Amino acid sequence: MLAVILWLGNLVFEESDDGNSKIDDPGVTEFIAYLLESDAATVDKAMTYRVMETQRGGRRVKIVVHPGSVYDVPLNPIQAMAGRDALAKAIYNNLFEWIVSRVNISMKPRTAHSHLIGVLDIYGFEIFQDNSFEQLCINYVNEKLQQIFIELTLKAEQEEYVREQIKWTPIKYFNNKIVCDLIEERRPPGIFAALNDACATAHADPNAADNAFVQRLAGLSSNPHFDSRGAQFLVKHYAGDVMYNVAGMTDKNKDTLIKDLLDVVAGSANAFIRGLFPDRPDPNSKKRPPTAGDKIKASAGALVDNLMKARPSYIRTIKSNENRSPSEYDTKAILHQIKYLGLQENIRVRRAGFAYRNTFEKMVERFYLLSPNTSYAGEYTWQGEPRSACETILKDTGIAREEWQMGVTKAFIKNPETLFALETMRDRYWHNMAGRIQRAWRNYWRYKNECAARIQRFWKNNKEGIAYAQIRDYGHQMLAGRKERRRFSLLSYRRFMGDYLDVGGKNALGEMIRNACGITKGETVHFSMRIQLLVSKLGRSNKTEKAVHIVITTVHNGATQMALERKIPLVTIKSIALSNLRDDWVILNLTGSFEEGDPVFSCYFKTELSACLMQLTRAQISLIIAPQLEYAKKKEKKAMITFQRDETVQKDDVYKSHVVRVASGEPANSVSRPAAKRKAREARPITKGKLLRAGGPSGPKPAAASRPKPKPQAQPLPNQTTPAAAVRPPPFTSTTESKPAAKPAVNPAAAALKAAAKAPAANRLSVGPPAPPPPPPPAPAVEEEPEVDKYRAIYAFAGQEGEMSLEKDDVVELLEQDANGWWLVKKGSEEGWTPSNYLELIPPKPKPAPAPAPPPAARRAPPPAPGPAAAASSATPKPKP
């Protein structure tokens, strides 16, 4: 089909001697007929002739020129070219519509749907140097869409304010309906109507049709948005003034796709080509076929109808410059676009009006969590109307009164920042609820870890501590009182731990040493410690079950490097040599002859190293303790190290020329100090951190009532039948819910007086005529307040919001006990929650004996006053027989 369109453009018409048109190259016509799968002669005739039908006497008569034919009217070259272009445009238009329909069919949902989302992208407003019929159509569609924009955003909004009885200031704006009527109206005729009349009256000559159009435009001069200027006319659009050229408009408006060309398409052997033109005009119809302007107007009307059924949202695009440059900013052009897009009026209406509005039901459903009066623990609890609930929410959130108004069916919010603040508070509510859950989960794990840590600490102190202490005692027995000891090695908490460098663990340093020694994961490292070799190299000694590894640490180019210096199998160790003084030097005497000689090094934990070697070799090696020690310096070369006591040495020992000088140490028969007794103290609370507070979303307030409010009953949200529950945490099981409230203690004397007042007159003790009523007893004796349990703080507690801060020995009253470990207490006029394990009960004071009731006041001498027991019996009603 694209080839047909292109080859139609190659079709050239010439003017014959009689003024009619003829085809310059018949081969082009034949190829077009081949592409259309039609007859070449039929295509040639349809391009250069037109079949005419006349009417006579109310009936249609065909004027026959020769048998089997009708009256054929030859076309001039201009008319032939118009028909050629009309056919090419029709093929292209129908092909495009066929593609769109196929895309719509493929994208059509397979299931039923109730909503549809559409995207409308139109070409922007066009103002060129030469504006013709195409620009008029495009600008007309923009005018219609701008009219919808005004109807939906400005006019409809102001009408809604009036309908909802909202107080606001009306804003004047330009309504472009007058411009739309100027173009599309029929009575009085607009531009499209004048154009159609010109095309109908002067269809043969385009120039005559244009002149007729100019004459008809003179009737529009009364419109303030129209100005006729000879061969041009001016239309004042909302986007600016546009000057249109009349030349060629009537020709572009005419529909020159005559019946003969449609017959060519209908006679094609290709079903697809025939399917592109399903709607053919009725040959017997007297109605004038629609022009291009009529089609544009009908299409725009259908578009407007679809948009009015939807809820459109607008995205306005602004060109920063005409050069498509990202760095240029044309201020004048941008201000012009802002003005003609109607953004100024829209902003003024928005500023004078309200940025957000929604029904009361939707507002309550969205924001009921923000008010403690409408929600409790995530449940909707308001029992009134949605309007009052919405007003309560806006008041409780602290929004200024001038920022919102209540309409008849909707709530209106003035500024977007207010709506953003509401959304932020709503998000913060969910964040706080998530924080409560996380806090409870963390406290659970703190409790669990603390319990595990206490169990582990107890187990270590009583199991591993004993094992380490046994190894330490074995070291004492091994020395057998032959060597002076360092003071710090006799501390009570000194334990022989063994692997101090964590070579057998997951420590990074230990892993480096393990890799340097080539120790596999299956081997056990019994001892690791930093030592100092006699050859002045800093090393680390690691001892496994098979050998002793000496690793040398060096620094090369700022990087620490470790290398295995020597590996000594345990079977080659003959003895361990130590001095009798408190120095830290150790000599490993080896069997056989080695080029390196016997290793001599200084190690702080020499006793532990010796004990470990003795245990691993099952005491097969000997322990030498003497003031002078001999060792193999090199192969077949012996040397002697002498140890001398020198009190001038302040710390450790000093080695020089095979002489070690060291200060005196603890006596050789010293043993480890006994374990220190722990200070007696009360047990610490097992939990750490604060626990969850009971109550609603905001927690209890310090100035709350003397008793917590009962939980309100959940109510269904507006337009719903079941109660709303945004958050449903498991309810706390408190003592106040599971047990009945304790009855207040009653004073026996007060009870006796009340009982006596209620007793019948016959059962009361009386003498003589009835006496006047006694004076009322003192208030404290009758209206005694019930006793409240009081507690004393045994620890200081720094509380946060909703919690009670306590100092040690503070006295508080208990209001409520909760099973989660937090109690509601009262100190003075303040209330708050505090951990129960920080409090201890104060024993109640013994109650004093009830005072005797005062005698009744009488004018005559009263009888002898009874004793306390008699008074009590007389005030108590006698039981009936």
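This passage walks through a nonpolar core, a strand hairpin, an open sheet and a surface patch in a predicted model.

A good place to start is the interior. The largest nonpolar core holds 30 residues, and those touching the most other members are Ile-191, Phe-213, Phe-226, Phe-233, Val-235 and Met-249. Several elements contribute at least two residues each to this core: helix 5 (133–163), helix 6 (177–184), helix 7 (191–201) and helix 8 (206–217), together with strand 8 (232–237) and strand 9 (240–245). Helix 7 is the leading contributor, supplying five residues. In soluble globular proteins, nonpolar side chains tend to be buried together.

Further along the chain comes a hairpin. Strand 17, spanning residues 547–556, is mostly covered, with seven of its ten residues buried. Its partner is strand 18 (residues 559–569); the two strands run antiparallel and are joined by ten bridges. For readers tracing the pairing by eye, Val-551 offers a handy reference, as this residue stands opposite Leu-564 in strand 18. Two residues lie between the strands of this hairpin, and Asn-557 adopts a positive phi near 55° there.

Next is an open sheet built from four strands. Their order is 23-24-26-25, and the pairing is mixed. Strand 23 (628–634) and strand 25 (653–656) form the edges, each pairing on one side only. From one strand to the next, the twist averages 25°. At one end of this order, strand 25 pairs with strand 26 (residues 659–662) in the antiparallel sense, over four bridges. Within that pairing, Tyr-655 has Val-660 of strand 26 as its bridge partner.

The last feature lies at the surface. Trp-98, Ile-99, Val-103, Met-107 and Phe-272 make a nonpolar patch of about 470 Å². Most of the patch can be followed along helix 4 (residues 77–107), which gives the most to it, with four residues. Val-103 is found in this helix. How is Val-103 classed, buried, partly exposed or exposed? Val-103 counts as partly exposed because its relative accessibility is 37%, a value that falls between the limits of under 20% for buried and over 50% for exposed.

Taken together, the model pairs an interior core to which helix 7 gives the most with a nonpolar surface patch to which helix 4 gives the most.

How values were computed. Residues numbered from 1 in each chain as written. Predicted model: local features only at pLDDT ≥ 70, side-chain atom pairs only at ≥ 80, totals over all residues. Heavy atoms only, no water. Pairing = 2+ DSSP bridges. Axes fitted to C-alpha atoms, helices over the stretch in contact; angles between N-to-C directions. Patch = residues over 30% accessible without salt bridge, like charges linked within 9 Å, V, L, I, M, F, W, Y side chains within 5 Å. Areas by Shrake-Rupley, 256 points an atom, 1.4 Å probe, with all protein chains shown as cover. Salt bridge = Lys/Arg side-chain N within 4 Å of Asp/Glu carboxyl O. Buried < 20%, exposed > 50% of the residue type's maximum accessible area, 1.4 Å probe, protein only. Core = buried A, V, L, I, M, F, W, Y, C linked by side-chain atoms within 4.5 Å.
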